[in-house]
Amino acid sequence: MQLLMYILRRLFMSAFVLLGVAFLVFVASRIVPSDPATLFAGPRPTADQIAAARELLKLDQSLWVQFTDFITSMAVGDFGISYRTRQLIWNDLASFLPATLELALFATGLALVIGIPLGVFAADWKHSWFDTSTGIGSIAAVAMPSFFLAMLLQWVFAQWLDVLPLSGRISRDISLFDPVETITGFLLIDSLLTGRFDAFWDAIKHLILPALTLAAYPTGIAMRLTRSLMIEILERKHVVAARALGLSHRRILFGHALPNAVGPALTIIGLSFAFSLTGAVLVEIIYAWPGLGRYISEAILSKDFPVIAASALVVTICYVFMNLVIDVAQAFIDPRVTVS
Amino acid sequence: MIIEVKGLSIHFGALRAVRNVSLSVEAGTIHGIIGESGCGKSITGMAFLGLLPDGARVEAEQFEYAGEDLREVADSLRGHKISLISQDPAAALNPVLSIGTQLDDVLKIHSAGGKKQRYGRAKELLAATGLPDPVKVLKSYPHELSGGMQQRVVIAQALATGADFLIADEPTTALDKTVGKQVLSVLKSLVETRGLTVLMITHDMDVIEYCCTRASVLYAGTTVEDGQTAALLNNPKHPYTRALMNALPGSVPKGQKLAGIKGHPPKPNERIAGCPFADRCPSVMPACADTPPPQHELPQHSWSCHLEVSK
Ligand code: SF4
């Protein structure tokens with residue numbers, strides 16, 4: 001009950017966040033010093049073309065009408081058409097967003113399952129060779145530029161060992177001659193849904209290197225954070241009490257101390273998820289990943305404002321949703337969260 | 001005697017946290033350890049559990065549980081024969097696990113039987129500590145319980161280990177007076193019905209008076225007086241014990257000075273040649289500064305002081 005109220009409260013707040021972002025996006029689109037009508041009308045437009053564009057884009061209406069128009073069309077997913085590609089933005093997003101989400105989620109998952117256990121063991125074996133070497137490793141993972149790490153990984157796994165593909169999201173053999181039917185846009189899910197295990201395996205192999213590249217930073221952070229949290233928690237009274245009750249070391253480490261550390265670690269990982277949604281441009285370019293990062297950066301360079309606005313909103317929605325998921329997960333792990 | 005301690009000292013490098021503690025505890029009784037904070041009573045308690053911080057050096061003429069040397073067996077007895085009731089129940093319970101999980105974790109190690117039996121046993125244990133609605137408590141999280149209820153849960157956990165010797169480290173300090181009294185009476189009745197032995201660490205004479213059969217008075221890591229509760233209360237011999245009594249009603253609040261006595265106890269890094277209380281003692285005499293005080297023995301009562309035995 002308390003949990004349900006908590007979730008509803010978070011949902012309500014999320015709606016406000018979205019409205020606020022929509023407002024900011026709208027304001028920003030009105031104060032940039034370039035005329036949307038001119039951009040829309042294409043290169044070297046005539047005065048008539050500009051006037052026509054102005055009418056089509058409803059730029060002659062009052063700001064209030066424009067804003068309500070903007071909000072209502074965004075709300076139903078009508079993002080308009082791109083100035084640059086003349087395509088429906090909805091269609092573009094439908095193909096780019098799942099690719100990015102798949103990558104970002106996979107990378108975040110990697111950060112979780114690698115970073116947290118390493119942090120736990122580093123804390124348990126404080127000042128051992130393991131602690132020192134994972135410490136150095138995490139600093140390297142955080143500090144190394146992603147393009148450099150990407151090249152390194154490509155060189156080792158694609159060129160030298162030749163076990164993983166260099167780039168792309170799926171092999172050409174599959175995408176050209178025997179494509180996977182698109183249901184959700186997530187290749188891993190679609191290939192499983194349609195029973196295409198060859199494609200699933202192929203997609204996983206394509207995903208590993210870019211996901212590792214993207215996961216390096218959050219893994220390092222999650223590891224260090226988990227380590228320092230665990231060191232503090234292992235000295236708490238309830239851990240001493242658990243020892244006095246005869247609990248095994250393993251049970252104390254994973255069953256008693258770790259649940260206390262997972263909450264804060266999740267928060268950090270959630271933040272890094274947001275970062276990998278839009279900050280992955282470089283990674284997407286290096287690995288020729290057909291994702292949102294590349295799409296947005298091209299839109300920004302050509303002042304394609306409807307695309308920027310739509311992407312900003314969609315990314316915000318993803319982020320807000322991810323936060324909601326993390327908040328709920330935290331409430332499950334730590335029941336004190338729901339009381340506020 | 002289930003516990004025999006003679007000349008126990010615990011050092012951390014040059015720090016003498018415990019200098020010379022002796023006590024013996026009869027099975028099936030509650031034995032008190034009383035003193036100001038910093039007198040080494042908590043560390044002494046932790047030594048029984050083998051849970052001293054890293055770098056501790058334990059020395060003793062005798063340090064035994066049921067005839068076994070605790071320096072060797074404390075680790076294996078901990079959580080099986082010897083367990084702990086900690087000072088602050090709110091901190092002693094894991095905030096993110098339900099009471100049911102925490103109690104079951106202990107039962108898993110110590111009792112045979114499946115989930116069902118353990119659940120039944122958990123209910124039984126909670127009921128034994130006087131909790132009215134065990135089923136509801138098992139579903140709760142620590143923050144949903146009052147301090148008194150939390151401490152009962154902690155006691156139930158200690159019972160779940162099957163230990164017969166419990167270290168109770170200031171079990172009522174974090175609770176208000178009435179609730180504290182209730183918790184003590186629960187402990188008292190458990191000692192009677194289950195034949196437990198409890199080492200009750202406290203700074204509160206009231207606690208000693210209320211539930212302890214015997215008590216040791218600690219000062220600067222040293223046992224200065226030891227005896228039956230009645231003898232200690234009605235006929236305190238050591239000037240420090242008398243000072244403690246004068247600090248009544250009640251207790252020596254943390255960090256506060258003893259009533260009518262100036263100064264503070266020697267620091268753990270100070271060397272003590274004579275009596276540890278010499279700097280503050282109202283009856284101090286020349287010998288006190290450099291000669292260790294002699295031990296006086298009466299039946300069920302002993303103390304170390306240069307003062308002549310008053311008739
Ligand atoms: S030995 Fe001396 S200083 Fe110590 S308590 Fe007795 S009289 Fe006081």
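**The A–B interface and a helix of chain B**

Visitor: How many salt bridges does the rule find across the interface of chain A and chain B?

Guide: One salt bridge is found there. This is a predicted model, in which local features need pLDDT of at least 70 and side-chain atom pairs pLDDT 80 or more, while totals for chains, interfaces and linings use all residues. Residues are numbered from 1 along each chain as written, chains are lettered from A and ligands numbered from 1 in the order written, and side-chain values use heavy atoms, without hydrogens and water.

Visitor: Why is the pair A:Arg251 and B:Asp105 called a salt bridge?

Guide: The term requires a side-chain nitrogen of Lys or Arg within 4 Å of a carboxyl oxygen of Asp or Glu. The side chains of A:Arg251 and B:Asp105 meet at 2.9 Å, N to O, so the pair qualifies.

Visitor: What makes about 1900 Å² the area buried between chain A and chain B?

Guide: Buried area is the accessible area (1.4 Å probe) that two parts lose on being put together, summed over both. Of the value for these chains, 65% is on carbon and sulfur atoms. A:Lys237, A:Ala244 and A:Leu245 supply 30% of what chain A buries against chain B, more than any other three residues. The contact (heavy atoms within 4.5 Å) takes 19 residues from chain A and 27 residues from chain B.

Visitor: How do you know that the span of helix H4 of chain B agrees with its number of residues?

Guide: A helix here is a DSSP run of H or I, at least four residues, numbered from the N terminus. The expected span is 1.5 Å times one less than the number of residues. For the 12 residues 99-110 that gives 16 Å, and the end C-alpha atoms are 17 Å apart, so the two agree. Several residues of H4(B), including B:Asp105, are buried, meaning under 20% relative accessible area (1.4 Å probe, protein chains only).

Note on methods:
Helix = DSSP H or I, 4+ residues; strand = E, 2+ residues; numbered from the N terminus. Buried < 20%, exposed > 50% of the residue type's maximum accessible area, 1.4 Å probe, protein only.
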